[in-house]
Amino acid sequence: MEYIHPSQIGELLRKRRKELGLRLEDLADDFISPSTISNIERGITYVNEEKVRYIADKLGVNLEQIHELWAKEKQEEEQMELKLAAVESIVDLMNPDKGLEKLRKLAVPNNHLSTAYVHFLRGKIYLQKKNWVKSQNHFLEAIRIVDQKGEWQKSNIKAASYHELGRIAMEVHDADQALKYVEEGIEHFQEAGERSDYKSMLLAAKVKVLEKLDRIEEGLRLIEDLWQQIDEIKNVEVVLNLSQSRVSMLTKLKLYDEAVTHATAGIELARINKKPEHASELWMMLGGIHLRKGQWDEAEDCFRTALCLQEKIKADELKIKTHTYLGMVLLEQGKSDEAKQVLEEAVAICERNHQTMPHRETYIVLGDCHAKQGAYSDAIQVYEKVWKMARKKGDKPQEHKVILKLARCYEQQDKEKFAEFLQELYRVENELDLELDVPY
């Protein structure tokens, strides 16, 4: 007969007590104390067997049938795991709202791992719905529940929750916190546990965060280490994310030829695996390399390919960036009317999605387009909008950049305003000097 560990007996007794709505104190008497009952429920092995039987009798649990009870418990738990796995598939592959609807219909017990799984799923649902606060709270609760019992660590829900918390931190532009979460996830990942794909996902996330923090060399070293075992990574999304990070970091280091090689390989991998969003982003990155090299025709081809792939995906941020880059290339080619049309489309997407602040550079390029066409009033209107946003954000370098552009426009139209903006330029330059003047 299969051995039943005291912790399993304790779990069954604790569940029964909860079902009856009893506290430890309600069961205690002159023969057994609340602390002893607690020890029994936690599976402490030195508790007298007589007291275990005593508390079982008080709860109406027949220890002679413990194997049958445990088998039933395991069956119910496996059934619940299957239901929750079905919800996760719906959340990841279909619709978070449908997943949430199914989750609400499940009567999940409060005393085992399923509660952590439920909070993890709710976290994923609200992450997709961009409700960062609710999502974060559910992931933190999943971690708290897993921490209650050592044997629950093997589920890797804790490591997975830290990975998702890192994603939230990146969404709210807190890369330092994201790095802390990701490193916590790596530290708590159980090699012999479930959700094995989260190990590579956490490492790929760390690469992306290191890039955001401009720790480029460190990020590239981590990619090189991961690439040694790339055949073992089953998740193609992870491989493509690593490819994108690698291309981006090599581009920042101006290692353009190497970046082109990896971008091309990533594009082929995305095509084979039918991943249009990754393919689009890699085509955009490849175009960015050609743009930096002054290869306008090649860059235009890449950006137009990226836009063509974006027709079937909802990726507004990617569309904004691609339109902006294409507009820059068209301006360099002297196609200002076409550039204006492309850049106005980028701005329209920004304003539809209330994404003006993070895409201030898009507005600057549109202003440049107006200025190149001699439409200084239109250029001024756009630049002044960016100037206000830069001041609100406290972005002094961008404020300096836009004030200089405004001064150039006003030089053509209004000498008094020109002088006024020269003074503004002087003010910002002084502020920038003060910020950099660190004596020690």
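**Reading a predicted model by its cut-offs**

Q: What makes Glu420 count as partly exposed?
A: Glu420 has a relative accessible area of 38%. Buried would need under 20% and exposed over 50%, so Glu420 lands in between and is partly exposed. Keep in mind that this is a predicted model.

Q: How do you know that Glu420 and Lys417 meet in a salt bridge?
A: Their side chains come to 3.9 Å, N to O. The cut-off is within 4 Å, so the pair qualifies as a salt bridge.

Q: What separates Glu420 and Lys417 along helix H22?
A: About one helical turn, because they are three residues apart in H22 (residues 415-436). Lys417, with a relative accessible area of 27%, is partly exposed. As for networks, salt bridges that share partners join Arg391, Lys396, Glu399, Glu424, Arg427 and Glu431 into one.

Q: How many salt bridges does the structure hold?
A: There are 34. One of them pairs Asp97 with Lys129, with the closest N and O atoms 2.6 Å apart. That fits within the 4 Å limit, so the name applies.

Q: Why can you say that Asp97 and Lys129 tie parts together?
A: Asp97 sits in helix H6 (residues 96-105), while Lys129 is in the loop between helix H7 (114-128) and helix H8 (132-147). The pair therefore links parts that are 32 residues apart in sequence.

Q: Are Asp97 and Lys129 buried, exposed or in between?
A: Asp97 has 43% relative accessibility and Lys129 has 37%. Partly exposed is what lies between under 20% and over 50%, so that is the label for Asp97 and for Lys129.

Q: Why is Glu300 called buried?
A: Its relative accessible area is 11%, and buried means under 20%, so Glu300 makes the cut. Its salt-bridge partner is Arg304, with the closest N and O atoms 2.9 Å apart. Arg304, at 33% relative accessibility, counts as partly exposed. Both lie in helix H16 (residues 296-309), four residues apart, about one turn of the helix.

Q: How do you know that the span of helix H18 is close to what is expected?
A: H18 (residues 336-352) has 17 residues and reaches 24 Å from first C-alpha to last. At 1.5 Å a residue, 24 Å is expected, so the reach is close to the expected value.

Q: What puts the buried residues of H18 on the same side?
A: The residues in question are Ala339, Val342, Leu343, Ala346, Val347, Ile349 and Cys350. They cover an arc of only 155 degrees around the axis, so they share one side of H18. Those residues pack against helix H17 (316-332) and helix H19 (360-372).

Q: Which exposed residues does the face of H18 turned away from its buried side carry?
A: That face carries Asp337, Gln341 and Arg352. After H18 comes His354, with a positive phi near 50 degrees.

Q: What has the most contacts inside the largest nonpolar core?
A: Phe120 and Leu242, in a core of 68 residues. Helix H11 (residues 198-212) gives the most to this core, with nine residues. Apart from it lies another core, of 43 residues, including Leu318, Leu343, Trp387 and Val428.

Q: Which residues does Phe120 touch, not counting those up to four places away in sequence?
A: Glu88, Phe139, Ala142, Ile157, Ala160, Ser161, Glu164, Arg195 and Tyr198. They count as touching because they have heavy atoms within 4.5 Å of Phe120.

Key:
Residues numbered from 1 in each chain as written. Predicted model: local features only at pLDDT ≥ 70, side-chain atom pairs only at ≥ 80, totals over all residues. Heavy atoms only, no water. Core = buried A, V, L, I, M, F, W, Y, C linked by side-chain atoms within 4.5 Å. Buried < 20%, exposed > 50% of the residue type's maximum accessible area, 1.4 Å probe, protein only. Helix = DSSP H or I, 4+ residues; strand = E, 2+ residues; numbered from the N terminus. Arc of directions from axis to C-beta.
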